[in-house]
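Open the model in your viewer and keep the sequence panel beside it. The stops below go one selection at a time.

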Amino acid sequence: MFEGVFVFQPSPWEDRNWAGLSGLPLEEVWLPVDESVTVFGWFVDAGPTKPVLLWCHGNAGNISHRLDNIRELFRLGLSVFIFD
């Protein structure tokens with residue numbers, strides 16, 4: 001009954017030009033999970049030979065709150081796929 005209040009803490013999405021604001025090559029990804037569910041995420045490509053980190057950020061906030069971390073991972077030479 002109270003799980004939604006204590007466990008799940010998403011933040012509302014703000015529709016902004018996140019690629020422009022962050023300076024990162026953010027590519028929007030819409031991943032169909034089944035007929036009724038599509039997951040939104042970003043892919044940041046550091047290059048074809050670079051490793052890709054799949055980031056499952058948890059239940060608080062949203063992917064826009066991880067931009068500083070994504071920027072650092074990209075600077076270190078990692079591609080990142082993160083989703084909400």
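Select serine 22 in this predicted model. Serine 22 sits in helix α2, which spans residues 18-22. Is serine 22 buried or exposed? Its relative accessible area is 9%, under the 20% cut-off, so serine 22 counts as buried. Now show the backbone of leucine 24. The side chain of serine 22 comes to 3.1 Å from the backbone nitrogen of leucine 24. Which residues does serine 22 touch, once those up to four places away in sequence are left out? They are Leu67 and Arg71.

Move to a second serine. Select serine 64, in the loop that links β5 (60-61) to α3 (67-75). Serine 64 has 12% relative accessibility, so it too falls under the 20% limit and is buried. Add asparagine 62 to the selection. The side chains of serine 64 and asparagine 62 make a polar contact at 2.5 Å. Next, display Trp13, Trp18 and Trp42. Serine 64 touches these three tryptophans, with residues up to four places away in sequence not counted.

Next stop: the strands. Select β3, residues 38-44. How many of the seven residues of β3 are buried? Five are, so the strand is largely enclosed by the rest of the structure.

Add β2, residues 26-32. β2 and β3 run antiparallel and share seven bridges. Follow the chain from β2 into β3: a hairpin of five residues makes the connection. For one bridge pair, pick glutamate 27, whose partner in β3 is phenylalanine 43.

Keep phenylalanine 43 selected and bring in β6, residues 79-83. β6 also pairs with β3 in the antiparallel sense, over four bridges. What is the bridge partner of phenylalanine 43 in β6? It is phenylalanine 81. Phenylalanine 43 thus has a bridge partner in β2, glutamate 27, and another in β6, phenylalanine 81.

Now zoom out to the whole chain. Color by secondary structure: there are three helices and six strands. Starting at the N terminus, the order reads α-β-α-β-β-β-β-α-β. Switch to a surface view. The accessible surface is about 5,800 Å², and carbon and sulfur atoms account for 59% of it. Of the 84 residues, 31% count as buried. Last, turn on contacts between residues at least 6 apart in sequence. Of these, 61% join residues at least 24 apart.

Terms used
Residues numbered from 1 in each chain as written. Predicted model: local features only at pLDDT ≥ 70, side-chain atom pairs only at ≥ 80, totals over all residues. Heavy atoms only, no water. Helix = DSSP H or I, 4+ residues; strand = E, 2+ residues; numbered from the N terminus. Buried < 20%, exposed > 50% of the residue type's maximum accessible area, 1.4 Å probe, protein only. Polar contact = N/O pair within 3.5 Å; in protein donor to acceptor, adjacent residues only side chain to side chain. Contact = heavy atoms within 4.5 Å. Areas by Shrake-Rupley, 256 points an atom, 1.4 Å probe, with all protein chains shown as cover. Pairing = 2+ DSSP bridges.
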